[in-house]
Structure formats: C-alpha cells, structure tokens
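Colleague: Could you take me through some side-chain pairings and a helix packing in this model, giving the reasoning behind each answer?

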Amino acid sequence: MTLPFTVLFEKRMDDVPKWLPAATSVGSVVIAFIISGIILKLIGGDPMRVGRFFFDATFASWAAFSDTLVKATPLIMVGLACTVAFKMKLWNIGAEGQFYIGAFAASLVVLIPMVPLDSPKIVIIGLMIIMGMIGGAAWGFIPGVLKGKFGVNEIITTLMLNYIAILWNNFWIFNKWSDAGFQMTPAFPKSAWLPRLADYAREYKAFSGITLHLGVVIALVATVVVWWVLERSRWGYEIKLTGDNKEAARYAGINIVRNVILVMMFSGALAGLAGMSEISGVVHRLQERISPGYGFTGIIVAWLAKLNPFAVVLVAVLFGALIVAGREIQPSGLAQLLQGIILFMVISSDVLLRYKIRIIRLQPATAVEVETA
C-alpha cells in the first residue's frame, strides 16, 4: 500500500530554537504518561483512578508534598552531579557509587567518632557535609585520572566503581559496624541528624508530620552554586567549551586533563553530598539500602532537564513524586515503568534537536511540504 505522504529527516544546519529543548522535555513526560495510561488500561487497570491516587499521595497535602520533597532532595544533588559531568561530555554513570561512598565517609564522623558526639550539632553536621563531599570527590577522582591521563572509558570505570562502593558499604555494615547482626549500623545520635520541620511541631502545630529536613536547603544552595560555576565562572566556560569542541579548547590553552579530573571530582562531591543528606536527614544510620537507585535516576533527571541546574530541581520533584507514589500504587512497578518510558522518550526526542522532520504530502502532479519541527 502506498502512503499519501513521506517523511524526511534533514540534519539541522541552523541553531535549535530556544523553545524546542524545553518543549521536547515536557512533551516526553506527557507522552510517557499517555503511554503508561494505555498500558494500564490494557492490563485491566483504571488510569484515571491511578492518576487521582498519584496526585493525592504526592501533592494533595503539605504532608504528602513534604514526602515528595524529601525524595526529591537527593535527586536534585545527584542530578546536578550528572549535569556538571555531562556538560563536559563526561559520562559519569557512577553517581550511585559516589552517593554510597559519600554516605560512608559522612558516617565516619559518628562511627569512629571523629569528634566528641556531644559537640554542637553545627560542628557534627558541618563535618559530615565536608566528609561526604570528600568521599564522593575521591570516588570521582579515580575515573577522572584514568580518563584524563590514560583515556580509559569513564562509562566502564564509573559503572564498575558503583558495585565496589556498594560492596564496600556492605562489608562494614555486615561486620564491624553491624547493629546486633542486622545489616545496618546503630542509629546516629540526634546531634548528627539534619533538623526537620517536624522537630518544631511542639512550637508550631502546622509542622506536625512534616518530614522535610535541612537537606532540601542544602540542595537548593548547591543548585545556585552549580549554576554560577557553569554560567558565570571562567571554569564553567572552560567546561562547556571542552564539551562542545575539545580540539578548540586545547587550541585555546585549556588544560583538558586537569579539567577532566576536577569535573569528575566536583561531580562526585555533589553525589557524595546527596549520600550524606540521606543518612543524616532520613535514615539516621548507615544501612544496606539507602538508595532506591538515586544515582541512576539522576541521569534521567539531568537529561530531562537539558542540563539546566534550575530545571533539575523541577524534574527532581517529579521523580520524587514517582518514588513516593510507586510505594503504594498497584500494580507494583508502575512507577519504574513510567521512569523507563520517560527515559526512552527523552532520548528519542533528541532526534528533534538534531534533525528537522518534513512531511511531504504526495499528490499526482505536485508535492506540498509541511515542516513539523
């Protein structure tokens, strides 16, 4: 059968319209929700009922929105970590491992302990933040050196380091630091907990049941810092120039090796900060499953945000809602299915940024061209 039209892909020779990247991201999410609804309908579910439940569980009340922001907090920091590396075309797939090592290093402050546990909270929390970032940066330093000095593929090294980091954590929590044989350390003292709004419920009744903690403020500060570095600093210019054209950057005198190492360390430090925030603000101990895959979800967050630090915050809130809703929505796994479809749609939509699509209507004598994107 002959179709009355034909579709042509033409490589873009001019600049991408400013509205198109944001439009493709929003469109990817919308289409992913539609496809998920169709799948849910085909297996006998009720998409509208699930949609209402999703909204009620994540945004309908301050308590629900608080839970969503708590889940979004590590995603913001991990999304920023991926954004920094991806700007330089460094494919850091190791944010999950850097998250775990950051949590481990921050735990040392309490478990060794590095300072007396009756020290002021600001001292303990401040030291945990520093240690978390150092731990993550150290885990980013390894693939950074291998990539910068020897050209080793950073996708492989960062991916493998994820497994090492998780097993390293398990070694300690199953052995020396195990709490009565369970796969977790003893709970941290309250001086090592990030303050939560619920802690002030006695003075302010409205904060009762609100689990939001100081980690969200740390994440927002990190967002501004990353934006400033990328958009207002000389180092940010070097990062973007190297990512756009490495040979031009080298010709301009930029030290590529040094920047590869520093960017991987900066990226790792942000992911390590996320690990510190999670153990100090949520679980209050080091344990086996402190991440439902934050490091991998952060890749989707950064890509869907088109590597814009402020857009990372919005996308992280969406994915935080998916995690919260995914705990209760049936059938189980629907949230993960939606995440997978969103990632697929985001990657697919990048075609629109590199190609124009022309639909040519075929007529007996003439052809009429209709540009669609």
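Colleague: Is Arg-250 buried, partly exposed or exposed?
Modeller: In this predicted model, Arg-250 has a relative accessible area of 43%. Buried requires under 20% and exposed requires over 50%, so Arg-250 falls in between and counts as partly exposed.

Colleague: With which residue does the side chain of Arg-250 meet in a salt bridge, and how far apart are N and O?
Modeller: Both partners lie in helix α9, residues 246-251, and they are 3 residues apart, which is about one turn of the helix. The partner is exposed, with a relative accessible area of 54%. The side chain of Arg-250 meets that of Glu-247, with an N to O distance of 2.9 Å.

Colleague: Which residues are joined into one network by salt bridges that share partners?
Modeller: Side chains of opposite charge can pair when their charged atoms come close. By the rule of a side-chain nitrogen of Lys or Arg within 4 Å of a carboxyl oxygen of Asp or Glu, the count comes to 7 salt bridges. Salt bridges that share partners make one network of Arg-234, Glu-238 and Arg-258.

Colleague: How many residues apart are Arg-285 and Asp-179, which link distant parts of the chain?
Modeller: The side chains of Arg-285 and Asp-179 meet in a salt bridge at 3.7 Å, N to O. Arg-285 lies in the loop between α10 and α11, whereas Asp-179 lies in the loop between α6 and α7. Arg-285 counts as buried at 18% relative accessibility, while Asp-179, at 28%, counts as partly exposed. Their separation along the chain is 106 residues.

Colleague: Are α5 and α6 roughly parallel or roughly antiparallel to each other?
Modeller: Helix α5 (residues 121-150) packs with helix α6 (residues 154-174) at an angle of about 155°, their axes being 10 Å apart, and the crossing is right-handed. Angles over 145 degrees count as roughly antiparallel, and therefore α5 and α6 are roughly antiparallel.

Colleague: How do the residues of the contact of α5 with α6 divide into nonpolar, polar and charged?
Modeller: From α5, the residues that meet α6 include Trp-139, Ile-142 and Leu-146, and among those they meet in α6 are Leu-161, Ile-164 and Ala-165. The residues of this contact divide into 7 nonpolar, 2 polar and 2 charged.

Colleague: Is Glu-154 in helix α6 buried or exposed?
Modeller: Not counting residues up to four places away in sequence, Glu-154 touches Lys-89, Leu-90, Trp-91, Lys-147 and Leu-159. Its relative accessible area is 4%, and since buried means under 20%, Glu-154 is buried.

How values were computed. Residues are numbered from 1 along each chain as its sequence is written. This is a predicted model: local features need pLDDT of at least 70, side-chain atom pairs count only at pLDDT 80 or more; totals for chains, interfaces and linings use all residues. Side-chain values use heavy atoms; hydrogens and water are left out. Axes are lines fitted to C-alpha atoms, for helices over the stretch in contact, and angles run from 0 to 180 degrees between N-to-C directions. Helices (H or I, at least four residues) and strands (E, at least two) are DSSP runs, numbered from the N terminus. Angles under 35 degrees count as roughly parallel, over 145 as roughly antiparallel, 65 to 115 as roughly perpendicular and the rest as oblique. A crossing is left-handed if the near helix is turned anticlockwise from the far one by less than a right angle, and right-handed if clockwise. Contact means heavy atoms within 4.5 Å. Ala, Val, Leu, Ile, Met, Phe, Trp, Tyr, Cys and Pro count as nonpolar, Asp, Glu, Lys and Arg as charged, and the others, Gly among them, as polar. Buried means under 20% relative accessible area, exposed over 50%, partly exposed in between (1.4 Å probe, protein chains only).
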